[in-house]
Amino acid sequence: SANRLEGLRPSVWVEFTQMVAKFKPVSNLGQGFPDFDPPKFLLDSLHKAALDPSAHQYPLSKGHTPLLEAIARYYSPLYKRELNPNSNISVSNGAYGCLYATSQAFVNPGDEVVIIEPFYDCYINQVMLGGGHLKFVPLRATKADPKTSQDWAIDPDELAKAFTNKTKLLIINNPNNPLGKVYSKPELKVVADLCQKYDTICVSDEVYEFNTFDGLPHERMATLDGMWERTLTTHSAGKIFSVTGWKTGWTIGPKDLLDSIAVIHSSSLYCTVRPTQIALAEGFERESSLVNDPTRSYIEELRNYLQDRRDELCSGLKSVGIVPITPSGTYFLLGNMDIFGTPFTPGKFGSGTRDYQLARWMYEEVGVGVIPPSAFYSEPHSHLADRFMRFSFARTPESIDKAINAIRKYN
Ligand code: PMP
Ligand code: GLN
């Protein structure tokens with residue numbers, strides 16, 4: 001193998017999706033994918049595309065034109081600027097493809113990349129593949145007994161100390177997987193000011209942009225003063241239309257930065273699947289026509305559905321003694337697992353931090369799929385996560401019920 005593979009972290013998804021196949025849990029609240037149906041209008045569009053002989057050859061490298069146009073139309077009001085479909089949007093193979101192209105396009109060996117923790121796990125291997133040097137700044141609990149995701153915040157001094165003249169990128173995930181934190185504008189401004197001071201590109205992973213709850217707005221980093229020019233925002237159709245298997249994502253940003261991403265994208269993947277892009281274009285056109293009709297918009301329907309499932313999961317977990325950190329966004333929440341103590345001989349469920357071992361126990365003995373949250377932390381900070389477990393509520397009420405009933409047997 002090439003030297004660049006050394007030091008990369010094994011993928012938590014590879015391990016725990018294999019656990020699902022092996023142990024067939026009664027209910028899987030692990031990997032983040034909806035276990036309910038995608039919207040019928042989108043499947044109808046894909047069906048129509050599948051039967052159209054002209055829909056099956058390569059799209060343009062940067063994305064199929066109708067999708068680029070539909071994204072520009074839908075997002076221009078949200079970004080408060082006229083997005084150019086030809087120069088401000090670049091479609092790739094999911095948010096992963098977008099993020100990978102970004103680190104390849106901007107990180108030189110020795111460059112520093114500041115990552116806010118918890119982070120989405122793929123950032124670190126992707127940055128390391130570019131030779132980047134990682135610097136981690138964790139969200140800190142602001143209360144002794146935090147109850148919601150909003151009780152965690154960046155310490156501005158700690159963040160400022162992480163920046164140097166070599167800081168090429170800062171990566172932030174808002175809303176945050178796995179905590180569910182949704183950043184306020186003043187919080188983003190602290191990050192934005194440092195990016196401007198140190199001439200740093202801000203990579204803002206906003207794949208859960210529409211999954212915010214309790215009326216909390218999603219603030220876009222790129223709309224802060226002075227940030228459009230230096231922000232690359234990552235989006236994912238999987239999360240917007242409940243089709244994670246379509247693996248279609250896009251980056252929105254200024255032309256000069258997207259031009260560099262285009263070199264990596266056209267040299268690696270070249271382009272992504274066309275029929276799904278056709279269907280997504282129709283999906284966004286539909287959403288654009290319904291922005292003033294929240295009762296019919298799928299994006300709003302999904303937001304309400306997820307908020308209800310969040311509430312069900314929080315009360316179910318409380319009823320079995322797992323204290324949830326109520327999330328303001330995403331598909332996920334962290335539950336405090338102190339009630340279980342150590343229900344097995346340490347080492348019986350493999351190596352690694354306590355939450356990894358507890359997660360394996362959950363699959364093998366409890367019959368519930370979960371994800372250990374230290375996967376989203378650097379090693380020195382993994383203790384910040386190891387009392388917790390990540391549960392996904394992008395699930396049907398039946399899946400949530402089954403999981404709670406299975407856990408109830410163990411406490
Ligand atoms: N970023 C975050 C925060 C995620 O949770 C995920 C997983 N959906 C991704 C990126 C990757 O998204 P995609 O499936 O579109 O590649
Ligand atoms: N983003 C999804 C999650 O957080 C998982 C994606 C993957 O399996 N790589 O659960």
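Let me begin with a sheet of 3 strands, which is open and has the order E11-E12-E14, with antiparallel pairing throughout the description. Please keep in mind as I talk that this is a predicted model. The edges of the sheet are strand E11, residues 323-325, and strand E14, residues 388-392, and each of these pairs on one side only. From one strand to the next, the twist averages 35°. If you are new to sheets, it may help to recall that strands pair through backbone hydrogen bonds, and that they do so either parallel or antiparallel. In the pairing of E11 with strand E12, residues 332-336, the sense is antiparallel and there are 3 bridges. One place to look is valine 323, which stands opposite asparagine 336 in E12.

A second antiparallel pairing can be found elsewhere in the chain, where 5 bridges join strand E2, residues 89-93, to strand E10, residues 248-252. Here serine 90 has threonine 251 in E10 as its bridge partner. How enclosed is E2 by the rest of the structure? It is largely enclosed, because 4 of its 5 residues are buried.

Now to the helices, and to helix H4, residues 94-106, which packs with helix H5, residues 122-129, at an angle of about 35°, the two axes being 9 Å apart. The crossing in which H4 passes H5 is right-handed. On the H4 side the contact is made by Tyr96, Leu99, Tyr100 and Ser103, and these meet Cys122, Tyr123, Gln126 and Val127 in H5. By class, the residues of this contact divide into 6 nonpolar and 2 polar, with no charged ones. As you look at the spacing along such a helix, remember that an α-helix has 3.6 residues a turn, so residues three or four places apart point the same way.

H4 also takes part in the surroundings of ligand 1, which has 15 residues around it, the closest being Gly94, Ala95, Tyr96, Tyr120 and Ser236. Which helix gives the largest share of that shell? The answer is H4, which provides 3 residues, while H4 and helix H8, residues 237-241, each supply at least two. The shell around ligand 1 has 4 nonpolar, 8 polar and 3 charged residues. Ligand 2, for its part, is surrounded by Trp13, Gln31, Gly32 and Asn177, and this shell divides into 1 nonpolar and 3 polar residues, with no charged ones.

Asn177 leads us to the loop between strand E7, residues 167-173, and helix H7, residues 185-197, where we find proline 175 and also proline 178. The peptide bond from asparagine 174 to proline 175 is cis, with omega near -10°, and the one from asparagine 177 to proline 178 is cis as well, with omega near 20°. For context, most peptide bonds are trans, and most residues other than glycine have a negative phi.

With that second point in mind, consider two residues with a positive phi that are not glycines. Aspartate 214, in the loop between strand E8, residues 201-205, and strand E9, residues 231-236, has a phi of about 55°. Serine 242, in the loop between H8 and E10, has a phi near 60°. Are these residues buried or exposed? Aspartate 214 counts as exposed, because it has 12 C-beta neighbours inside 10 Å, whereas serine 242 counts as buried, because it has 21 inside that distance.

Let me finish with helix H12, residues 354-366, whose buried residues include Asp355, Tyr356, Leu358, Arg360 and Val366. What covers the buried residues of H12? The cover includes helix H1, residues 12-23, strand E13, residues 368-369, E14, and helix H13, residues 397-408. Just after H12 comes glycine 367, which takes a positive phi of about 85°.

Further along, in the loop between E13 and E14, lies serine 378. Serine 378 counts as partly exposed, because it has 19 C-beta neighbours inside 10 Å, and a residue needs 20 or more to be called buried. Leaving aside residues up to four places away in sequence, serine 378 touches Glu117 and Phe136. Serine 184, by contrast, is 194 residues from serine 378 in sequence and 24 Å from it in space, taken from C-alpha to C-alpha.

Key:
Residues numbered from 1 in each chain as written. Chains lettered and ligands numbered in written order. Predicted model: local features only at pLDDT ≥ 70, side-chain atom pairs only at ≥ 80, totals over all residues. Axes fitted to C-alpha atoms, helices over the stretch in contact; angles between N-to-C directions. Left-handed = near helix turned anticlockwise from the far one by under 90°. Contact = placed C-beta atoms within 7 Å. Nonpolar A, V, L, I, M, F, W, Y, C, P; charged D, E, K, R; others polar. Near = placed C-beta within 6 Å. Pairing = 2+ DSSP bridges.
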